[in-house]
Amino acid sequence: MAKKKNYLLEKVVEVVSSQKKGKILDLGCGDGKIGKRLFDLGFEVEACDMDKDRFEFHKEIRFSNGNLNDPLPYSDNTFDYIIFMEVIEHIYNPGFVISEISRILKKGGKLILSTPNILNVSSRFRFLVEGSFDFFREPTLDYSKMFPIAIQNMHVIPWRYQELEYLLHSCGLEVPKFYVDKRKGNFVFL
């Protein structure tokens, strides 16, 4: 059976690999596969996450423990690129985190960020029928009571593009380009 292609990983590699080599922070890196691919392409990569045990590449990539409720453990103007994939929807203090990203990103640096697209047709249809968007189905309070240890894995803020763009702008970052995922093959609107 063919291995399923990781669209986000491949898109980040496509976007970043066409840029000049530089220093990258994979923030909220999870297992570290995105950072590892960029490391293998010759970028200088550091990783940061609150879960050290989940990260798979300690021998190749410098890892820092970091909690996004606290200041990031980096000096101002440190990174040419910051990868922030599928994290912003999990945090309660997005303004603080984006201001920290802005602080540690070099002038002219690039933030590569992704979050679930709640405005796609499938998600809008789910909202019409259920009252919740794709990837945001669990009631926050119920989930936090049932799985208190896994609360950091829960999606808490569904971002529309306009709100995210404003947040980034208010922290001194601009959005010169954005991408959307491909239409889901299993959703057909009749």
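A nonpolar surface patch is taken here as a set of nonpolar side chains joined within 5 Å, drawn from residues with over 30% relative accessible area and no salt bridge. In the predicted model described here, F125, L128 and V129 form such a patch, and together they account for about 330 Å² of accessible area. F125 belongs to helix α4, which spans residues 121-130. Because its relative accessibility is 39%, F125 is classed as partly exposed. For the protein as a whole, the accessible surface amounts to about 11,800 Å², and carbon and sulfur atoms contribute 55% of that area.

The fold comprises 6 helices and 5 strands. Read from the N terminus, the order of elements is α-β-α-β-β-β-α-β-α-α-α. Of the 190 residues in the protein, 42% are buried. When contacts between residues at least 6 apart in sequence are considered, 61% of them link residues at least 24 apart.

The interior contains a largest nonpolar core of 23 residues, in which L27, F84 and I98 have the most contacts. At least two residues of this core come from each of β1 (23-27), β4 (79-85), α3 (94-104) and α6 (161-170). The greatest contribution is that of α3, which supplies 4 residues. With residues up to four places away in sequence left out, I98 touches F84, I88, L113, L167, L168, C171 and L173. A second core, separate from the one above, consists of 19 residues, among them F55, I83, M85 and I112.

Helix α6 was examined further with respect to burial. Its buried residues are L164, L167 and L168. These residues lie on the same side of α6, because the arc they cover around the axis is only 95°. The cover over the buried residues of α6 includes α3 and β5 (105-114). Two of the buried residues in this helix, L167 and L168, also appear among the residues touched by I98. Just after α6, the backbone at G172 adopts a positive phi of about 85°.

Definitions and conventions: Residues are numbered from 1 along each chain as its sequence is written. This is a predicted model: local features need pLDDT of at least 70, side-chain atom pairs count only at pLDDT 80 or more; totals for chains, interfaces and linings use all residues. Side-chain values use heavy atoms; hydrogens and water are left out. A nonpolar core is a set of buried Ala, Val, Leu, Ile, Met, Phe, Trp, Tyr and Cys residues joined through side-chain atoms within 4.5 Å. Buried means under 20% relative accessible area, exposed over 50%, partly exposed in between (1.4 Å probe, protein chains only). Contact means heavy atoms within 4.5 Å. Patches are made of residues with over 30% relative accessible area and no salt bridge: like charges are joined within 9 Å, nonpolar side chains (Val, Leu, Ile, Met, Phe, Trp, Tyr) within 5 Å. Accessible areas come from the Shrake-Rupley method with a 1.4 Å probe; for residues, only the protein chains shown count as cover. A salt bridge is a side-chain nitrogen of Lys or Arg within 4 Å of a carboxyl oxygen of Asp or Glu. The arc is that of the directions from the helix axis to the C-beta atoms.
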